[in-house]
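Please find below my notes on the model under review. They are set out as numbered points, to be read alongside the structure.

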Amino acid sequence: MSANISSDSSKPLSEVFRLLGQQVRIQILLIIGKQEACVCHLEAELGIRQATISQHLMALKDAKLVTTRRHGRNIFYRLANPELLDIIYQAGTMMGISTEDLAYLSRRPVPNCPCPHCKPGWNGGPPGHRWRCWRPAYRSRPARLPTPI
Ligand SMILES: [Zn+2]
């Protein structure tokens, strides 16, 4: 193998590990690793703003590590390739972190989470259901009028 081929293949690898180099992104991937989640679930679990979570999800999606599924007006995020979770688990095991600790973020339901996956008896919802991936506080805000051109 020539040096050029070797450096070419190492570039995308270093890019993936650079993307994974933020704690919150590892947390997001652990949360969605076994079951898809919407932004409001991630917000309830991590306690950080949706806007911040969305930026991280965008970076992970751009890198094709995460894919989305639209359900009505809501978007659910999941791993594009489940092997990524194996890599994170292997790294965790290498660091002496227990599987139980690693699996903690993927638990359902999360207390006080408004998402449908955390509601008891959720079966995907009836057609045309009105649940939205927003907290009640956001929903009660008046709708923003379109900016005049
Ligand atoms: Zn939830």
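**Notes on helix α4 and its surroundings**

1. Lysine 64, which follows α4, has a positive phi, near 65°. The model is a predicted one, and this backbone value should be read in that light.

2. Helix α4 covers residues 50–62. At 1.5 Å a residue, its 13 residues should span 18 Å, and the end C-alpha atoms are 18 Å apart, so the expected and modelled spans agree.

3. Which residues of α4 are buried? They are Ile53, His56, Leu57 and Leu60. Viewed down the axis of α4, the buried residues fall within an arc of 100°, and therefore line one face of the helix. Ala51, Gln55, Met58 and Asp62, on the other side of α4, are exposed.

4. Helix α3 (residues 39–46) packs against this helix: the axes of α3 and α4 come within 9 Å and cross at roughly 115°. Because of that angle, α3 counts as roughly perpendicular to α4. The contact involves Val39, Leu42, Glu43 and Leu46 of α3, together with Gln50, Ile53 and Ser54 of α4. The crossing of the two helices is right-handed. Ile53 thus appears both among the buried residues of α4 and in the contact with α3.

5. As to the wider setting, the protein chain contains seven helices and three strands, arranged along the sequence as α-α-β-α-α-β-β-α-α-α.

6. Of the 149 residues in the protein chain, 17% are buried. Where contacts join residues at least 6 apart in sequence, 58% of them link residues at least 24 apart.

Note on methods:
Residues numbered from 1 in each chain as written. Predicted model: local features only at pLDDT ≥ 70, side-chain atom pairs only at ≥ 80, totals over all residues. Helix = DSSP H or I, 4+ residues; strand = E, 2+ residues; numbered from the N terminus. Expected span 1.5 Å × (residues − 1). Buried ≥ 20, exposed ≤ 12 C-beta atoms within 10 Å, placed from the backbone. Arc of directions from axis to C-beta. Contact = placed C-beta atoms within 7 Å. Axes fitted to C-alpha atoms, helices over the stretch in contact; angles between N-to-C directions. Parallel < 35°, antiparallel > 145°, perpendicular 65-115°, else oblique. Left-handed = near helix turned anticlockwise from the far one by under 90°.
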